[in-house]
Amino acid sequence: MPNTDKELRLSTGPDLTIAIAGLGIVGAETARQLVQASDRLSARAGRCLRLVAVSARSDSDRGFDRTGIAFESDALALARRADVDVVIELIGGEGGIALALAETALQAGKHVVTANKALIVHHGQRLAGLAEQARVRLKFEAAVAGGIPALKVLREGLAGNNIRRVTGILNGTCNYILSEMTNTGRGFDDVLAEAQAKGYAEADPSFDIDGVDAAHKLSILAAMAFAEQIDFGALQVTGIRQITDTDISYAGELGYVIKLLGHAQPQSPATVQPCLVAKTGQLAQIGGALNAVEFTAEPVQTVLCTGPGAGAGPTASAVLADVIDVAASRGGLPFGMRVGQLARATQKKDKQARRYYLRLMVMDETGVLSAVTSILRDQQISVESMLQKGQSDDKPVALVLTTHPTAPDQIKAACSSLSSARFISGAVMALPIVDEA
Ligand code: HSE
């Protein structure tokens with residue numbers, strides 16, 4: 001297709017024709033960019049990028065010029081069109097039409113770009129196998145941390161490294177809630193309700209606040225980082241529902257903030273859980289709805305990438321980068337190596353000793369402290385610091401301790417004994433303290 005932009009003199013290949021399935025906020029923004037910024041995007045791709053077809057629930061105006069762009073009411077029809085080279089799947093959902101579309105498109109020899117993390121977590125390896133067979137690309141940068149090019153950094157920029165650890169703030173909703181609690185001293189329910197009213201949190205926020213969304217992203221990162229098959233079921237996931245304003249306040253007094261962190265290392269089970277990070281460290285500075293991914297690797301040491309993890313613009317940015325990579329034949333295999341080379345997921349046991357923050361609601365009675373320390377002593381847990389404020393004759397008060405490095409089994413056993421002790425009310429909160437590299 002002729003184009004007047006002088007940069008397009010770089011153009012080396014035939015046009016790359018694109019179809020988008022799903023015109024929600026991300027699909028519409030991606031389409032708008034492909035139409036309005038076609039010259040710039042094509043120059044970057046070295047080929048003319050042309051949006052030729054879209055599919056959505058309704059054929060309504062989505063804020064971009066639809067001239068010359070076909071509309072299909074059946075998304076699967078996009079995968080069967082002879083004039084389509086790349087199918088962008090932005091429908092969402094783990095299976096259903098999104099899965100059928102990806103399978104059909106790959107089997108028809110079309111490249112697939114998707115932002116769908118659940119699809120990749122549950123079917124990514126099989127889809128990557130189909131892409132290998134058909135010699136086409138399967139790309140999913142937008143599935144992990146939205147606008148942060150985390151997968152590209154890992155797969156390409158850090159390709160020469162031995163990855164030792166991946167740590168991430170991978171859910172913007174949780175980071176927003178915890179940041180607001182930290183900055184305002186308000187409670188979890190109050191901040192969540194406000195976030196929902198403002199549209200920052202979903203009406204049903206469980207996927208986000210129970211850590212599932214972050215776990216999806218972490219399992220993709222871990223598979224790519226350690227060349228392993230995705231093993232979503234092996235992830236240990238704890239969300240942020242149980243974090244109280246008391247925890248935020250005590251953590252602050254001890255010099256920490258609480259963040260929901262995804263954490264993966266080669267020999268340990270991957271975890272998503274609330275953790276204490278030093279106020280002065282890099283991760284503590286990632287506030288509001290921002291995401292961050294930190295890679296610790298040899299020989300590079302530590303690389304931190306941060307930016308917006310969701311929203312129309314950031315997600316479209318990642319989708320467009322994938323399309324440009326497809327056009328330029330860049331980016332290689334979906335998981336950085338052939339599916340057959342990914343190591344089988346094995347059962348791993350978490351043995352790593354960490355310092356812990358423990359918060360107990362105790363009756364303010366003589367002998368309680370000594371009973372608590374006896375339970376900790378029985379598990380060989382050494383206390384580093386202790387805080388108790390206020391007093392009450394009839395209501396439990398918070399007792400906060402930090403420990404010296406302790407193995408997960410020891411902390412679990414201690415929490416179980418403490419939880420059943422007569423003088424303790426409610427669950428014991430045990431959060432790891434993460435020391436940054
Ligand atoms: N709901 C996610 C978040 C974005 O809050 O970060 C999509 O994964």
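**Exercise 1. Contacts of the ligand**

A polar side-chain atom of Asp208 lies 2.9 Å from a nitrogen atom of the ligand in this predicted model. Starting from that contact, work out how the protein surrounds the ligand.

*Solution.*

Step 1. Collect the other polar contacts. Thr173 places a polar side-chain atom 2.6 Å from an oxygen atom of the ligand. For Asp213, an N or O atom of the side chain is 2.8 Å from an oxygen atom of the ligand.

Step 2. Ask how much of the ligand is covered. On its own the ligand has 260 Å² of accessible area, and the protein covers 81% of that.

Step 3. List the shell. With a cut-off of 4 Å between heavy atoms, the ligand is surrounded by Lys117, Asn171, Gly172, Thr173, Asp208, Asp213, Lys217 and Ala310.

Step 4. Sort these residues by type. The shell divides into four charged, three polar and one nonpolar.

Step 5. Place the shell in the fold. Two helices, H7 (172-184) and H10 (212-226), each supply at least two of its residues. The space that the ligand takes is the largest pocket.

**Exercise 2. The six-stranded sheet**

In what order do the six strands of the open sheet stand, and which strands are at the edges?

*Solution.*

Step 1. Read across the sheet: the order is E3-E2-E1-E4-E5-E6, and the pairing is parallel.

Step 2. Look at the two ends. Strand E3 (70-72) and strand E6 (138-139) have a single partner strand each, so one side of each is left without a neighbour in the sheet.

Step 3. Zoom in on one pair. Strand E1 (residues 16-21) and strand E2 (residues 49-55) run parallel and are joined by six bridges. Within this pair, Thr17 has Arg50 of E2 as its bridge partner.

Step 4. Keep a general point in mind while you turn the model: side chains in a regular strand alternate between the two faces of the sheet.

Step 5. Follow the chain past the edge strand E6. Ala145 lies in the loop between E6 and helix H6 (150-157). Its phi is near 60°, a positive value in a residue other than glycine.

**Exercise 3. A hairpin and its loop**

How many residues lie between E11 and E12 in their hairpin, and where is Pro299?

*Solution.*

Step 1. Establish the pairing. Strand E11 (residues 290-298) and strand E12 (residues 301-308) run antiparallel, with eight bridges joining them.

Step 2. Pick out one position: Phe295 stands opposite Val303 in E12.

Step 3. Turn to the connection. The two strands form a hairpin with two residues between them, and Pro299 lies in that loop between E11 and E12.

Step 4. Check the backbone there. The peptide bond joining Glu298 and Pro299 is cis, with omega about 10°.

Terms used
Residues are numbered from 1 along each chain as its sequence is written. This is a predicted model: local features need pLDDT of at least 70, side-chain atom pairs count only at pLDDT 80 or more; totals for chains, interfaces and linings use all residues. Side-chain values use heavy atoms; hydrogens and water are left out. Two strands pair if DSSP finds at least two bridges between them. Helices (H or I, at least four residues) and strands (E, at least two) are DSSP runs, numbered from the N terminus. A polar contact is a pair of N or O atoms within 3.5 Å; within protein, one must be able to donate a hydrogen and the other to accept it, and residues adjacent in sequence count only if both atoms are side-chain atoms. Accessible areas come from the Shrake-Rupley method with a 1.4 Å probe; for residues, only the protein chains shown count as cover. On a 1 Å grid over the protein atoms alone, a cavity is a set of points where a 1.4 Å probe fits but cannot get out, and a pocket is an open set with protein on both sides within 12 Å along at least five of seven lines; lining residues have an atom within 4 Å of a point. A molecule sits in a cavity or pocket if more than half of its atoms lie within 2 Å of its grid points. Ala, Val, Leu, Ile, Met, Phe, Trp, Tyr, Cys and Pro count as nonpolar, Asp, Glu, Lys and Arg as charged, and the others, Gly among them, as polar.
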